[in-house]
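Hi,

Here is the structure I said I would pass on. Have a look first, and my notes on what turned up are underneath.

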Amino acid sequence: MNSPHFRISTDLGDRVARLAAVELEQLRAALLLVWGDKVDPPGQVDVIVARNDAELEEFTQGAALEAFLDSSGRDPLMVMAGEGEFLAQHPESLPVQAHELAHHISRFVMVRQPKWLSEGLATYLETVRFSSLHRKATFGWFHPQHYFYLRTHGRLSLKQLWAWDQRPYAIGAEARPYYATSWLWVVYLMDKQPKRFHDFQERLSRAEEPRQAWDAAFGDVPRLEEDFQKYVPRREDSLTVELPRIDPELQVQELDCAEIHALRARLFLRSPGRRRLAERLRLAGQEVEQALREDPTNVSAVQLQAGFTPEPEKRLALARALVQARPQSGAAWSLLGQALQDANAPVAEQEQALQRALALEPEDVDALVAMAWLHTEKGETAEGLAKAEHAVHLAPGRASTLEAYAALLFQAGRCEESVTAQQRAISLLNGHITAALREAAQATQQAMEQKLGEYERRCAGTSPPRHAD
């Protein structure tokens, strides 16, 4: 099921898919209005609605959650359990969807966020309630579970809350005081310090370092934390927005068996849970093999197969065969362009493939990044940076895209901006990596931090950056 902003895949039938699409479009419209229509995230979010919690458990393996959002792949991915007729019959699932969608949208509003603000805002916004005719949406309802928890256990200090960024793997009971205190800080700041809170968010939207942005917005407020510790939130709603009529155009497309197996492979790879990386790869590989048996030219399956193939020449062969079979697929041409780069193929051939990819899918982030590198290698620095900047605009939640942008900025001699972009990339690694993938995530973060150190040293004048020829 395709709607203007979502691609929904489910085995619960057309009616549930339609309900899900309309509900998510309404929810998206409501969340955008909270930010005063300042942002309208481009592209579509992939949404997988599993039949029920038990079906989702096959992939999450012990992770205590009803839904999740992952922004690390080619497209943002939201996954949830349907439980019958989805939101229409189970309105209690609405907060879960609102929380995850708020995370997605907020990344386009505030490009740098401390974890406490990210989770506090998402928890505040998950309180959304629609009027009976869906003409209004109301936020800010009292969150009794969090408030009564804080009354019993006390509130974390601000210092502890800022340290949450260094504890991205806290889950369950360990994370509860962080979520509860973060929610209450957001409520408190909206109630007692609205202008300064707005200034803080504006600074984050300009990519200021979060602690510096906080100090600039609140540093001269006397006894701020003392006042917060005494604060008692109101129990009535605090924010209501008028909704436009939401009647999205929907397109139904039945998924074939190959696409279903490719979706299952993505779920094994990207779902939270305790399953180890080697086991994820094994299970995903089995799904890809089955998908290719069903259809050797399924684009999603071949993309995954290429990701499992370390040899550049073999990846290139897969991409060439896919383009020959699917010449109207922008994703196929994008895969070919990237494979040609990895194989050090002639520049003209790389450029032709990537131009074709972007002609078919102008918002293909991978193709934009690949083209950005190509421009830079040809000495077309301005063109390369423009492509990379557009990719970051389309996918502000992807660390790999920001890392590429940082490298290109550095090569162009824009030191301070390269440091900021690399810091943003590193911050995205925290909070959405499961414990099972911790080792790989930490290795990635260490490499990125080493690169950040290099940028900072060069920018300090110890040695000048090398410009692209």
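Trp185 sits in helix 7, which covers residues 176–192. Keep in mind that this is a predicted model. With a relative accessibility of 0%, Trp185 counts as buried. Setting aside neighbours within four places in sequence, Trp185 is in contact with Trp116, Leu158, Leu161, Trp214, Leu224, Glu225 and Phe228. Its C-alpha atom is also 9.3 Å from that of Leu121, although those two residues are 64 apart along the chain.

Now for the rings. Searching the whole structure gives 17 aromatic pairs. One of them is Trp116 with Phe200: the ring centres are 6.3 Å apart and the planes meet at 10°, so this pair is stacked. Trp116 belongs to helix 4 (residues 115–125) and Phe200 to helix 8 (residues 194–205), so the pair ties together parts that are 84 residues apart in sequence. Both Trp116 and Phe200 are buried.

Trp116 has another partner, Trp214, and that pair is edge-to-face, with 5.7 Å from centre to centre and 85° between the planes. Here too distant parts of the chain are linked, as Trp116 in helix 4 and Trp214 in helix 9 (residues 210–218) are 98 residues apart. How accessible are these two? Trp116 comes out at 0% relative accessibility, so it counts as buried, and Trp214, at 5%, counts as buried as well.

Stepping back a little, one aromatic cluster is made up of Trp116, Trp162, Trp185, Tyr188, Phe200, Trp214, Phe218, Phe228 and Tyr231. Two arginines lie over ring faces there: Arg155 over Phe228, at 5.4 Å from the ring centre, and Arg211 over Trp162, at 4.6 Å.

Which residues touch the most other members of the largest nonpolar core? Of its 73 residues, they are Trp116, Trp185, Phe200 and Trp214. Helix 1 (residues 14–34) gives the most to this core, with 10 residues. As for Phe200, leaving out neighbours within four places in sequence, its contacts are Pro114, Trp116, Leu117, Trp162, Pro210, Ala213, Trp214, Ala217 and Phe218. There is also a second, separate core of 52 residues, with Leu263, Ala331, Ala370 and Leu374 among them.

If you want a place to begin, try Trp116: it pairs with Phe200 in a stacked arrangement and with Trp214 edge-to-face.

Cheers

Methods:
Residues numbered from 1 in each chain as written. Predicted model: local features only at pLDDT ≥ 70, side-chain atom pairs only at ≥ 80, totals over all residues. Heavy atoms only, no water. Phe/Tyr/Trp six-rings, centres within 6.5 Å; stacked < 30°, edge-to-face > 60°. Helix = DSSP H or I, 4+ residues; strand = E, 2+ residues; numbered from the N terminus. Buried < 20%, exposed > 50% of the residue type's maximum accessible area, 1.4 Å probe, protein only. Lys NZ or Arg CZ within 6 Å of the ring centre and 35° of its normal. Core = buried A, V, L, I, M, F, W, Y, C linked by side-chain atoms within 4.5 Å. Contact = heavy atoms within 4.5 Å.
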